[in-house]
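Here is a short tour for anyone who would like to find their way around this protein before heading back to the bench. Keep the viewer open as you read.

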Amino acid sequence: MLKKASRTTDEAASEINLAKRLRYFEERSDAMVQTVRQLVETESPSDNKDAVDQLGTLLAGRFEALGGHAKFHRTPNFGDHLQVDFAGTRKVKPVLLLGHLDTVYPLGTLANMPCRVAEGRLWGPGAFDMKSGIALMLHAIEALRAWHEDVLPRPLTVLLVSDEEVGSDTSRLITENLARKSAAVLVLEPSHGPKGAVKTARKGIGEYVLKVTGKAAHSGLDFEKGQSAILELARQIVSIQKLIDLKRGLTLNVGTTQGGTRVNVIPAEATAVLDVRVARKQDAAGIDRKLRSLKPFNRKCKLEISGGMNRPPMERTPSVAALYKKAVEIAKELNWKLEEAAVGGGSDGNFTAALGIPTLDGLGGVGEGAHATHESILIFELPKRAALLAELITSV
Ligand SMILES: [Zn+2]
């Protein structure tokens with residue numbers, strides 16, 4: 001009862017405040033669209049360092065214009081990772097805004113898939129994953145400065161890595177180090193589904209290569225001397241399907257296979273590449289152990305397994321749930337029911353959540369077609385996502 005009574009003053013005041021702040025972003029919707037367009041039109045495939053560096057330089061300039069201090073983590077084979085630090089009025093731990101510069105689209109994709117605005121959407125390579133998320137960071141920071149006499153209400157760090165789409169090998173340590181120093185991590189990866197749900201759980205991901213070595217022989221002259229690596233691999237594939245446990249969110253997909261040389265030769269070699277996904281941390285070790293202890297059906301064949309788990313799962317821990325709850329409260333004041341989703345794909349949020357740092361993912365744009373030709377975002381969703389982000393930065 002007491003809660004109800006106090007609500008009328010404080011919360012009502014903040015509702016008016018939030019409504020005003022939402023209007024602030026609505027009035028700047030065109031500028032936000034312009035920013036997304038500028039980022040989409042600066043192509044940045046993971047495997048092209050020069051292109052990614054160009055986007056990094058552009059963004060360093062934009063964040064510095066907002067009072068941030070930009071520095072690059074030099075990376076020889078990928079684009080440099082961009083870190084921007086902002087000072088803040090309150091003496092508290094910074095919030096980490098996490099994202100990536102790279103996209104899955106090769107250079108020149110814009111020629112066939114130009115950035116365009118139509119039907120209330122902005123289309124283009126990387127618009128959804130995750131250039132609109134970066135635009136939200138820029139505009140939320142700009143607004144917070146405008147509302148707080150040109151200084152942020154709290155310290156803030158932005159980290160935009162260059163290799164997320166290819167596994168984050170060169171950026172993982174940087175992400176983890178910054179997360180450890182932060183009060184919370186807000187990941188501006190695309191939201192989920194048409195309602196823009198945030199992501200409170202993501203599966204962990206592993207990749208394994210299973211190589212079988214058998215013995216080659218002429219299939220006509222010496223059939224009995226051969227040991228077929230393909231046959232052995234086929235038996236192994238059928239057998240490892242039994243490790244799948246859908247109820248526990250544990251899946252295993254043999255994504256590619258290769259083997260043999262010619263039709264009249266008993267194949268001496270065959271290889272399969274496996275994608276493994278786990279919803280729970282302890283399942284990662286279990287499946288790893290099982291895969292490493294596979295035994296050949298044909299004792300004259302040899303098995304070799306390499307690879308391992310790449311990202312730990314992001315589990316919906318109490319600290320993740322608490323951060324989500326806060327976001328729900330803010331969204332509610334913006335007249336919007338913010339939903340949550342558990343997804344099979346990973347992001348750098350997996351690393352930070354696994355460290356126990358409160359992490360909320362999927363705070364970026366609302367749209368569809370990530371990594372596909374119809375990739376697009378809904379323009380009318382941008383202002384409220386920006387308002388939510390600005391408020392979260394202030395209040396976590
Ligand atoms: Zn992404």
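The report below goes from the overall build to the metal site, the sheets, and a few local details.

## Overall build

Please keep in mind that this is a predicted model. The protein has 396 residues, and buried residues make up 52% of them. Its secondary structure consists of 11 helices and 18 strands. Measured out along the principal axes, a phrase best read here as computed, the C-alpha trace spans about 90 × 55 × 40 Å.

## The zinc site

Which protein atoms serve as donors of the zinc ion? They are NE2 of His-100, an OD atom of Asp-129 and an OE atom of Glu-189, at 1.9 to 2.1 Å from the zinc ion. Read along the chain, these donors follow the spacing H-x28-D-x59-E. Two of them bring distant parts of the chain together: His-100 belongs to strand S3 (residues 95–100), while Glu-189 sits in the loop between strand S7 (184–187) and strand S8 (198–202), 89 residues apart.

Are His-100 and Glu-189 buried or exposed? His-100 counts as buried because its relative accessibility is 1%, under the 20% cut-off. Glu-189 is buried too, with a relative accessible area of 6%.

Asp-129 has a further feature to look at: a cis peptide bond joins Asp-129 to Met-130, with omega at about -5°. Met-130 is part of helix H5 (residues 127–147).

## The six-stranded sheet

One open sheet is formed by 6 strands in the order S1-S2-S6-S3-S7-S16, and its pairing is mixed. At its edges are strand S1 (69–73) and strand S16 (359–360), each of which pairs on one side only. S3, the strand that holds His-100, appears in this order between S6 and S7.

At the S1 edge, 5 bridges join S1 to strand S2 (residues 81–86), and the two run antiparallel. If you would like a landmark for this pairing, look for Lys-71, which stands opposite Gln-83 in S2.

## The four-stranded sheet

A second open sheet to look at has 4 strands in the order S11-S13-S9-S14, with antiparallel pairing. Strand S11 (251–259) and strand S14 (302–311) are the edge strands, each pairing on one side only. From one strand to the next, the twist averages 15°.

Inside this order, strand S9 (residues 204–213) and strand S13 (residues 269–278) run antiparallel and are joined by 10 bridges. Leu-210 is a handy place to start, with Ala-272 in S13 as its bridge partner.

## Strand S15 and its partner

S8 and S15 pair in the parallel sense over 4 bridges. Here Arg-202 stands opposite Val-343 in S15.

Which side chains of strand S15 (residues 340–343) point to the buried face? Ala-341 and Val-343 point to one face and are buried, whereas Glu-340 and Ala-342 point to the other and are not. This fits a general pattern: in a regular strand the side chains alternate between the two faces of the sheet.

## Two residues with positive phi

Glu-149 has a positive phi of about 50° although it is not a glycine. Glu-149 lies in the loop between H5 and strand S6 (156–161), and it counts as exposed because its relative accessibility is 75%, over the 50% cut-off.

Ser-168 also is not a glycine, yet has a positive phi of about 60°. You will find Ser-168 in the loop between S6 and helix H6 (172–180). Is this serine buried or exposed? Ser-168 is buried, with a relative accessible area of 1%.

## Cysteines and a cavity

How many disulfides does the structure hold? The structure holds 0. Cys-115 is buried, with a relative accessible area of 8%, and Cys-301 counts as buried at 4% relative accessibility.

The structure also holds 1 cavity of 30 Å³ or more. The space in the largest cavity is about 30 Å³. Its lining is made up of Val-40, Glu-43, Ser-44, Thr-103, Tyr-105, Pro-125 and Lys-131.

Methods: Residues are numbered from 1 along each chain as its sequence is written. This is a predicted model: local features need pLDDT of at least 70, side-chain atom pairs count only at pLDDT 80 or more; totals for chains, interfaces and linings use all residues. Side-chain values use heavy atoms; hydrogens and water are left out. A disulfide is a pair of cysteine sulfur atoms within 2.5 Å. Buried means under 20% relative accessible area, exposed over 50%, partly exposed in between (1.4 Å probe, protein chains only). Two strands pair if DSSP finds at least two bridges between them. Axes are lines fitted to C-alpha atoms, for helices over the stretch in contact, and angles run from 0 to 180 degrees between N-to-C directions. Donors are N, O and S atoms within 2.8 Å of the metal (3.2 Å for Na, K and Ca); water is not among the atoms, so sites may look incomplete. On a 1 Å grid over the protein atoms alone, a cavity is a set of points where a 1.4 Å probe fits but cannot get out, and a pocket is an open set with protein on both sides within 12 Å along at least five of seven lines; lining residues have an atom within 4 Å of a point. Grid points are joined across faces, edges and corners, and a volume is the space filled by probe spheres set on the points.
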